[in-house]
Amino acid sequence: MAQTAKYAMENEIGCGFMGSLFHLKGLLRPKNTVMLEVGGGSPHSKKRQPLAGENFSGQNPPEKKPIPVRRPRVSDAARKSSSSSSNNSGSNKSSQLTVPSLTKPPADEELSLALSDQAKFDPNGAHYRASTGNVMLLGHLGNIKQLKRDSTSDLPKVNIAKKVETGQHQLLGNIVRNSPRNKSNPDVIKSLGNEKYKQGKYEEALALYDRSISVDPTKACYYSNKSAALVELGRFVEAVFVCREAIRIDSSYLNAHFRLAKLYLRLGEAEEAINHYKCSGRKSGPENILRAQDLKNCLDKCIEARNLGDWKKLLNETNIAFSLGSDSAPQIYAMKAEALIGLRLHEEAYKVIQNAPMFTTELYAELFGSSVTAGLLQVHALVYMANGRFEDAAGAVEQALKLDNCSNSIKLTAERVRCVGSARINGNRLFKGSRYSEALVSYNKGLEKDPHNSVLLCNRGACRYKLGQYEKAVEDCTAALVLRPSYSKARLRRANSNAQLEKWGAAIQDYEMVMQEIPGDEDVSAAFSEAKIQLNKMHNTSG
C-alpha cells in the first residue's frame with residue numbers, strides 16, 4: 001500500500017556536472033520511481049489516477065512534447081515523516097502527495113540515491129520525470145504554483161520557490177543558490193552603488209564604486225559613475241581625474257566625454273569643455289558647444305579687464321561667466337574678489353572667497369598648472385590681509401611662492417604681507433605698553449604698504465583717541481567702516497570719539513548699531529544711556 005509522506009524541498013542539486021554523476025549512478029542501480037500525485041478530481045474520490053503509460057479505458061493519453069524542469073531533492077526528513085503523515089490521509093487523498101514505500105539505502109550511499117529517469121505522461125498528457133534524487137509534481141510545469149488553500153489546508157507547506165536578489169536582478173521559480181560570488185561581482189556592487197546614488201547617499205555610493213574598481217579596474221563605467229558621485233559631493237577636481245581615467249580606458253565612451261565637458265565648464269575651462277562636447281557625439285547638442293564658446297569669449301574679456309585694472313568691467317564679466325555655468329571655477333571667484341578689492345569693497349571680497357569651492361592645492365596644481373594655482377593663492381593672500389587675517393595671508397602667499405618663485409608679482413605681494421603684518425604686531429605691542437605715539441608710527445609704516453587696510457586704520461584711530469586727537473580718530477574709523485561696514489570695533493571707537501566731541505546724535509546712532517551687532521555688552525549699553533542723557537540735556541538747554 002502506498003504511504004503518504006511529507007516532503008521538505010532542500011537546496012537544488014543542479015543540472016550540471018554533479019547532476020550528470022548522479023544520473024549515471026541511477027542507470028547502474030535498480031530503478032525505484034518516486035512520484036507525487038496532485039489529484040484533479042473531487043476531494044472524496046478514492047479512485048487511483050492511472051500512471052503514465054497505463055491503458056485507461058482502452059485509450060492511451062495523447063503524447064505531448066517533454067518540457068525540462070529543475071528537480072528538487074527529497075530530504076531525509078521527508079522519508080522519515082512518511083509513516084506519521086499517513087494517519088491524516090483520509091479526507092484529502094485526492095490532493096495529497098503520495099509516495100510508494102522506499103527501501104532506505106545504506107548511510108554512505110544515501111546521497112547517491114538514483115531514481116528513474118524515464119519520461120512518462122499522466123492521463124492529462126502532462127510530462128514528468130523523477131530522477132537523481134529529485135521529486136517532481138504532476139500536472140504543473142514551469143514555475144511551481146502554490147497549492148490552493150481549501151480542503152488541503154492540512155497539507156505540509158513546501159517551500160519550492162525561492163527568491164535571490166542580486167543587485168537589480170531577481171531570479172524566481174526554481175531554487176537557486178545565493179552564491180557568495182555575487183558579493184564580489186563588480187557589476188552587482190556597481191548596481192548597489194547606483195541605488196545609493198538615486199537615494200542621495202553619495203558617500204555610500206562612492207564607497208561601492210570604489211569597491212567595483214578594486215575588483216575590476218578595467219571597466220570605464222565604474223570610473224564614470226564614481227565621477228558623478230564626486231560631483232555631488234562637491235569634489236570637482238577629483239571628479240575630473242576619475243573621468244579622465246574612464247576615457248583613458250575607453251576613448252569612445254560618450255557618457256564620460258559628456259560628463260567631463262560639463263565638469264570643465266563648471267570649472268571655467270572653456271576650451272577643454274568644447275573639445276569634450278565635440279567628442280561626446282549624440283550626448284551633446286549645438287547649444288552645449290555654443291555656451292562653452294560664449295564662456296571662452298567672456299573669460300578673454302575678464303583677462304583683458306584685469307590687465308587694464310578696469311575693476312568694474314572685470315566684476316561685470318565675472319558675473320556673466322557665473323551665469324554661463326562656471327559656478328565652481330576658483331579662478332573666476334578669484335578674479336571677482338580681486339575686482340572687489342580694487343573697488344575697495346573688502347568685506348564683499350572676503351565673502352566671495354568664503355563662498356568659493358574649496359580645493360586641494362596639490363590637486364589643483366596638477367590639473368591646471370602651478371602658475372595658475374599660485375595666482376589664485378596670491379589673490380587669497382590679498383583678501384585675507386585686507387580683512388585683518390594676517391596669518392592666513394602669510395600662509396597663502398608662502399604656498400604661492402613654493403609653486404611659482406619666479407613671479408615678481410607674487411614676490412611683491414609676499415613682501416607687502418610681511419611688512420603690513422609686522423607693522424600690526426609691533427603697533428599692538430607698543431599700544432599695550434601705553435606707548436601710543438610709537439604705536440602710531442608703527443601703524444603708519446604698515447599703511448604705507450597698504451593704505452586701505454581697515455585694521456591698521458582702526459588701530460591708528462585708537463592711538464589718536466588715546467592722544468586726544470578725536471576728529472582724526474573719527475576720520476580713521478570712518479575710513480575703516482567704508483571698507484568694512486560690519487567692522488564693529490571701528491564703529492564703537494568712532495562712537496566714543498564723537499561722544500568726546502559731544503556729537504551725541506552721531507554717537508547714539510553708532511551705539512545703537514553696535515548693540516545690535518554685539519548684544520549684551522554692558523559698557524556699550526552704559527555709553528548709549530549716557531549719550532541719550534546728554535542729548536536730552538542739550539535739547540533742554542537749547543529749548
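S488 counts as buried, at 16% relative accessibility. Buried means under 20% relative accessible area, exposed means over 50%, and partly exposed lies in between, with a 1.4 Å probe and protein chains only. S488 sits in helix α21 (residues 488-500). Helices here are DSSP runs (H or I, at least four residues), numbered from the N terminus. Apart from neighbours within four places in sequence, S488 is in contact with V514, E517 and I518. Contact means heavy atoms within 4.5 Å.

This is a predicted model, in which local features need pLDDT of at least 70, side-chain atom pairs count only at pLDDT 80 or more, and totals for chains, interfaces and linings use all residues. Residues are numbered from 1 along each chain as its sequence is written, and side-chain values use heavy atoms, leaving out hydrogens and water.

**Loop residues**

The table lists three loop residues.

| Residue | Loop between | Relative accessible area | Class |
|---|---|---|---|
| K219 | α5 (202-215) and α6 (220-232) | 30% | partly exposed |
| S434 | α17 (408-432) and α18 (436-449) | 46% | partly exposed |
| E502 | α21 and α22 (504-517) | 51% | exposed |

K219 is in contact with D187 and I249, leaving aside neighbours within four places in sequence. The C-alpha atoms of K219 and P186 are separated by 9.3 Å, and these residues are 33 apart along the chain.

Most residues other than glycine have a negative phi. S434 is not a glycine, yet has a positive phi of about 60 degrees. E502 is not a glycine either, and its phi is positive, about 60 degrees.

**Helix α12**

Helix α12 has 13 residues. From first C-alpha to last, α12 reaches 18 Å, close to the 18 Å expected at 1.5 Å a residue. The expected span is 1.5 Å times one less than the number of residues. Eleven of the 13 residues of α12 are buried, so this helix is largely enclosed by the rest of the structure. Among them are P330, Y333, K336, E338 and L340. The cover over the buried residues includes α10 (286-308), α11, α13 (346-355), α14 (361-368) and α15. After α12 comes R344, with a positive phi near 60 degrees.

**Two helix pairs**

Two packed helices are described by the angle between their axes and the distance between the axes. Axes are lines fitted to C-alpha atoms, for helices over the stretch in contact, and angles run from 0 to 180 degrees between N-to-C directions.

Helix α11 (residues 311-323) packs on α12 (residues 330-342) at about 150 degrees, with the axes 9 Å apart. The pair is therefore roughly antiparallel (an angle over 145 degrees). The crossing of α11 and α12 is left-handed: the near helix is turned anticlockwise from the far one by less than a right angle. The contact includes W311, L314 and F322 of α11, and I332, Y333 and M335 of α12. By class, this contact has ten nonpolar, three polar and two charged residues. Ala, Val, Leu, Ile, Met, Phe, Trp, Tyr, Cys and Pro count as nonpolar, Asp, Glu, Lys and Arg as charged, and the others, Gly among them, as polar.

The axes of α15 (residues 370-386) and α16 (residues 390-403) come within 8 Å and cross at roughly 165 degrees. That makes α15 roughly antiparallel to α16. Their crossing is left-handed. Contact residues include L377, Y384 and M385 of α15, and F390, V397 and L403 of α16. By class, the contact of α15 with α16 has eleven nonpolar, five polar and one charged residues.

Technical notes
Helix = DSSP H or I, 4+ residues; strand = E, 2+ residues; numbered from the N terminus. Parallel < 35°, antiparallel > 145°, perpendicular 65-115°, else oblique.
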